[in-house]
Amino acid sequence: MKIVIVIPARYGSSRLEGKVLAKETGKYLVQHTYEQALKSGCAERVLVATDDERVVRACREFGAECVMTRADHPSGTDRIAEAVGGVDCEIVVNLQADEPEIEPAYLSRAAGLLEEHPEADMGTLLAPFETAEQVANPNIVKCVTDGQGRALYFSRCPIPYDRQRGGIGRVEDYKRHLGLYVYRKSFLLEFPKLPRGVLEPIEKLEQLRALENGYTIWTAMVEKAWDGIDTAGQYEAFVKRMRAGKKAHPEL
């Protein structure tokens with residue numbers, strides 16, 4: 001199957017304006033992510049999709065293929081759908097631009113989900129939680145699946161709810177959702193047209209639109225979660241790791 005990785009890279013960001021072009025390491029943040037995508041070796045093409053000429057110019061500097069998209073897309077998924085409209089591919093991997101430390105093997109694992117499971121429309125990755133505090137954090141999304149790996153629900157609340165323990169039970173019983181998605185191109189082009197149901201606007205989780213409309217999301221567990229760059233503090237920590245030659249998860 002022909003696979004393409006698309007990196008949506010908006011210049012605007014509600015928490016850290018212009019972060020995709022931050023360059024304290026000597027490379028743009030989006031450049032680090034792009035290079036990790038290339039290392040995966042799973043895709044025939046890696047594209048950056050943006051709405052800003054500054055990102056286009058930066059991509060030219062480090063040799064990335066960049067596609068200009070409309071500025072009024074309500075989500076990254078809509079932006080990706082526009083970017084791949086004329087691209088010859090069957091599977092599309094959505095890799096956020098602020099994920100410079102993603103393990104390349106995880107990209108291959110995610111892309112492989114749709115090859116392994118022809119009945120799936122989407123795929124995504126999950127990881128173990130490390131602490132009960134993470135489970136309780138509404139900014140970290142939880143997922144419950146059936147015994148085969150199909151996603152049943154995603155929530156910002158601790159799910160499953162442990163009745164005996166008043167909410168959060170054993171940490172190992174919870175699955176942390178990672179913000180990496182794969183789509184069949186045919187489904188991706190239909191996704192922006194799907195009606196938004198009750199769940200998506202309540203939880204503010206776009207993937208619930210697929211579940212509410214009866215589509216299948218397949219999941220796979222990986223060893224460790226990784227953190228994207230959402231704040232200035234996270235970016236500073238990333239710069240320190242890069243300068244010290246350290247990985248976020250050296251055991252991987």
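How many disulfides does a search of the whole structure find? The search finds 0. Keep in mind on this tour that the model is predicted.

**Stop 1: the cysteines**

Select Cys143 and Cys157 and show their sulfur atoms. Cys143 is in no disulfide, and the nearest cysteine sulfur, 14 Å away, belongs to Cys157. Cys157 is likewise in no disulfide, with the sulfur of Cys143 as its nearest, 14 Å away. A disulfide here would need two cysteine sulfur atoms within 2.5 Å. Now turn on the surface. Is Cys143 buried or exposed? Cys143 is buried, at a relative accessible area of 1%. Cys157 is partly exposed, and its relative accessible area is 47%.

**Stop 2: strand 8**

Stay with Cys143 and look across to Lys175 in strand 8, which stands opposite. Cys143 falls within strand 6, residues 142-145, and this strand pairs with strand 8 in the antiparallel sense over 2 bridges.

Next, select residues 175-184 to highlight the whole of strand 8. How much of strand 8 is buried? The strand is mostly covered, with 8 of its 10 residues buried.

Add residues 122-128, which form strand 5. Strands 5 and 8 run antiparallel and are joined by 7 bridges. To find a point on this pairing, pick Leu126, which stands opposite His177 in strand 8.

Then add strand 4, residues 91-94. Strand 4 also pairs with strand 8 in the antiparallel sense, over 4 bridges. Here the pair to pick is Asn94 and Tyr181, with Tyr181 in strand 8 and Asn94 opposite.

**Stop 3: the largest nonpolar core**

Hide the strand pairings and show side chains. In soluble globular proteins, nonpolar side chains tend to be buried together. Which residues have the most contacts inside the largest nonpolar core? Select Ile5, Ile7, Val30, Val48, Leu107, Leu125 and Leu180, which hold that place in a core of 41 residues. Now select residues 104-116, helix 4. This helix supplies the largest share of the core, 6 residues.

Centre the view on Val30. Leaving out residues up to four places away in sequence, Val30 touches Ile7, Ala9, Val20, Leu21, Val48, Phe62 and Ala97. Ile7 and Val48 also appear in the list of residues with the most contacts inside the core.

**Stop 4: another core**

Where should the selection go last? Apart from the largest core lies another, of 28 residues. Select Ala81, Ala83, Ala151 and Phe191, which are among its members.

Notes:
Residues are numbered from 1 along each chain as its sequence is written. This is a predicted model: local features need pLDDT of at least 70, side-chain atom pairs count only at pLDDT 80 or more; totals for chains, interfaces and linings use all residues. Side-chain values use heavy atoms; hydrogens and water are left out. Buried means under 20% relative accessible area, exposed over 50%, partly exposed in between (1.4 Å probe, protein chains only). A nonpolar core is a set of buried Ala, Val, Leu, Ile, Met, Phe, Trp, Tyr and Cys residues joined through side-chain atoms within 4.5 Å. Contact means heavy atoms within 4.5 Å. Two strands pair if DSSP finds at least two bridges between them.
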